[in-house]
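This report describes selected features of one protein chain. The sequence and the structure are shown first, and the commentary follows.

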Amino acid sequence: MSETAVGENGMVVAPHRAAAEAGADVLRAGGNAVEAMIAAAASIAVVYPHMNGIGGDAFFLIAEQGKPPRVIDACGRAGSLATLERYSGKGHDTIPSRGADAALTVAGAVSGWILASEIAAALGGRMPRRDLLGAAIQQAKEGSAVTRSFVRCILGDRSEMTAVPGFADHYLIDGKPPEIGSLFVQERLADTLEQLSRAGFADFYRGDIAAEIAADLEAAEAPVTRDDLRKQEAVLRRPLSVPLADATLFNTPPPTQGLASLIILALFDRLGVKRGESFEHVHGLIEAAKQAFDVRDREIRDPDHAGDIDQYLDAGWLDETAARIDMKRAALQPAGNGDGDTIWMGAIDGNGLAVSFIQSLYWEFGSGVVLPKTGITWQNRGISFSLDPRSDNPLMPGRKPFHTLNPAFARFKDGRSMVYGSMGGDGQPQFQSAIFSRYARFGMEPAEAIAAPRWRWGRTWGEGQSGIEVENRFDPDLLSALERAGHTLNRLDEAYSDGMGHAGMIIRRADGRFSGASDPRCDGEAVPA
């Protein structure tokens, strides 16, 4: 198990140590937490390319001391050629998960860096772009060590990816993944990052890089055009929030599932559970997740088309819903299937400026399409759309896809602030609830709260079957109690499963001291500045 890191001048946590170090180096050089996060975001896009990249989307939750937090929504929209007619004309009943037809939304991540840079400057940040991207450029040019999870993802996806444009040329050597620990060099991506450092981040959408991206997407026959790139802009949004007795929780609004994460913890607080790692603890969070996902699946989509979601954070609705939860029996409720691989990172600087951040390609390696001129792997977030025009979330040019991404932030009444989160599709709200409750409700240290065995309710194995996957370190008596209550369990052989997310957290105490931890399930670390 990893240990809780402590510090006094700030901290950055990431699922790969190199990205955490890149962010911490910015803090040490006098940069603020937003600048540190841009540096970490660029680095993690290089060293963890199976989980995220600049061909994906991103969300920032930024909180200044004593001020309402802000959200940067850097989600790309469906391309202008991404029509129902296009896909039906190709004989598709659903959007393909890989290949050019899956690369159907604009990559929004770098537009988030644009807006984040403006916010950083307004807060006194003065770090040059070259310094922010320097670590990422070096890592791409000189190579970064191949991780075990990188190779595992390639081996799992190789059969469906070898025919996808650019994938084999970029990620395979003689048809095989590189060896664990070997250096993975990404020369074209290094050149792209160099150009962004010189010309500015907007070059990704309206400059030379945009021209190269558009040409490669057209050659691959993807439905995103240069005009779609030109129109992309990140936007500032008001976060969702819910008060608890001792803290206020914040998360991201639609098109993300941040609402679900807030509902779970708000309902759980109303259940009166007194003991951590008990049947009541795990059962209560699972049952709260069922209620939250029912709301999520009905209401969350493009913010221009989402339902009235504020009602679900109203104390009256939460009280009534919590009262319906049976603390002895599992509710019979079908689960969705929101798989996805992502990275979550956090940073808090010495002045208390906090950033909770998520960047993703959606599935591991996204669409699998790698653009040869720029070395960019393009996301497949648009597969969350439906090809049924009568559905709640139909494919439509210019529409934002549903996002599992949701970075979290908590502000406690005793002066503490906390950034926390995890990757993991449908699991993200559940993993947030596990690590938050273990730390904030039952007194675990950050490293212990993150390392403790986790569960995931959903449709995660078997054809059409839903239930709960559990790591193999749970108390057998607890698992037996869950089964007696009607829960269907799938006991994993793993002690620390990738399917249970790569979580992290940083806490800044009222006295200015920091503590934080990363997940033993990943290659990360919490690095003090």
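P255 is placed in the loop between strand 9 (247–251) and helix 12 (258–269). The model is a predicted one. In this loop, the peptide bond between P254 and P255 is cis, with omega at about 20°. As general background, most peptide bonds are trans, and most residues other than glycine have a negative phi.

**Backbone conformations in loops**

Two residues depart from the second of these tendencies. D174 has a phi near 55°, a positive value in a residue other than glycine. D174 belongs to the loop between helix 7 and strand 6, and its relative accessible area of 76% makes it exposed. E277 likewise has a positive phi, near 60°, and is not a glycine. E277 is found in the loop between helix 12 and helix 13 (279–299). With a relative accessibility of 28%, E277 counts as partly exposed.

**The seven-stranded sheet**

Strand 9, which precedes the loop of P255, belongs to an open sheet of 7 strands with the order 1-20-19-15-14-9-8 and antiparallel pairing. The edges are formed by strand 1 (5–7) and strand 8 (240–243), each of which pairs on one side only. From one strand to the next, the twist averages 15°. In general, the strands of a sheet pair through backbone hydrogen bonds, either parallel or antiparallel.

At one edge, strand 1 is joined to strand 20 (residues 514–518) by 3 bridges, and the two run antiparallel. Within this pairing, A5 has G516 of strand 20 as its bridge partner.

At the other edge, strand 8 pairs with strand 9 in the antiparallel sense over 4 bridges. V242 has L249 in strand 9 as its bridge partner. A hairpin of 3 residues connects strand 8 to strand 9. Strand 9 is also joined to strand 14 (residues 408–412) by 4 bridges, again antiparallel, and A247 stands opposite F412 of strand 14. Strand 9 is mostly covered, as 4 of its 5 residues are buried.

**Aromatic pairs and charges over rings**

The structure holds 18 aromatic pairs. One of them, F60 with F357, is edge-to-face, with 4.6 Å centre to centre and 65° between the planes. F60 lies in strand 3 (residues 57–63) and F357 in strand 11 (residues 354–362), so this pair ties together parts that are 297 residues apart in sequence. Both F60 and F357 are buried.

A stacked pair is formed by Y171 and F184, with 5.8 Å centre to centre and 20° between the planes. This pair links Y171 in helix 7 (residues 167–171) to F184 in strand 6 (residues 183–184), 13 residues apart. Y171 counts as buried at 2% relative accessibility, and F184 is also buried, with a relative accessible area of 8%. Y171 and F184 are part of one aromatic cluster that also includes F150, F167 and F365.

Two arginine residues lie over the faces of phenylalanine rings, as tabulated below.

| Arginine | Ring | Distance from the ring centre |
|---|---|---|
| R296 | F293 | 4.2 Å |
| R454 | F431 | 5.4 Å |

**Helix 10**

Helix 10 (residues 208–220) has 13 residues and reaches 19 Å from its first C-alpha to its last, close to the 18 Å expected at 1.5 Å a residue. How are the buried residues of helix 10 arranged around the axis? The buried residues are I209, A210, I213, A214, D216, L217 and A220. They cover an arc of only 165° around the axis, which puts them on the same side of helix 10. The face turned away from this buried side carries the exposed residues D208, E218 and A219.

**S88 and helix 3**

S88 is located in helix 3 (residues 84–89). At 49% relative accessibility, S88 counts as partly exposed, because the class of exposed residues begins over 50%. The C-alpha atoms of S88 and G382 are separated by 16 Å, while the two residues are 294 residues apart along the chain.

Definitions and conventions:
Residues numbered from 1 in each chain as written. Predicted model: local features only at pLDDT ≥ 70, side-chain atom pairs only at ≥ 80, totals over all residues. Heavy atoms only, no water. Pairing = 2+ DSSP bridges. Axes fitted to C-alpha atoms, helices over the stretch in contact; angles between N-to-C directions. Phe/Tyr/Trp six-rings, centres within 6.5 Å; stacked < 30°, edge-to-face > 60°. Buried < 20%, exposed > 50% of the residue type's maximum accessible area, 1.4 Å probe, protein only. Lys NZ or Arg CZ within 6 Å of the ring centre and 35° of its normal. Expected span 1.5 Å × (residues − 1). Arc of directions from axis to C-beta.
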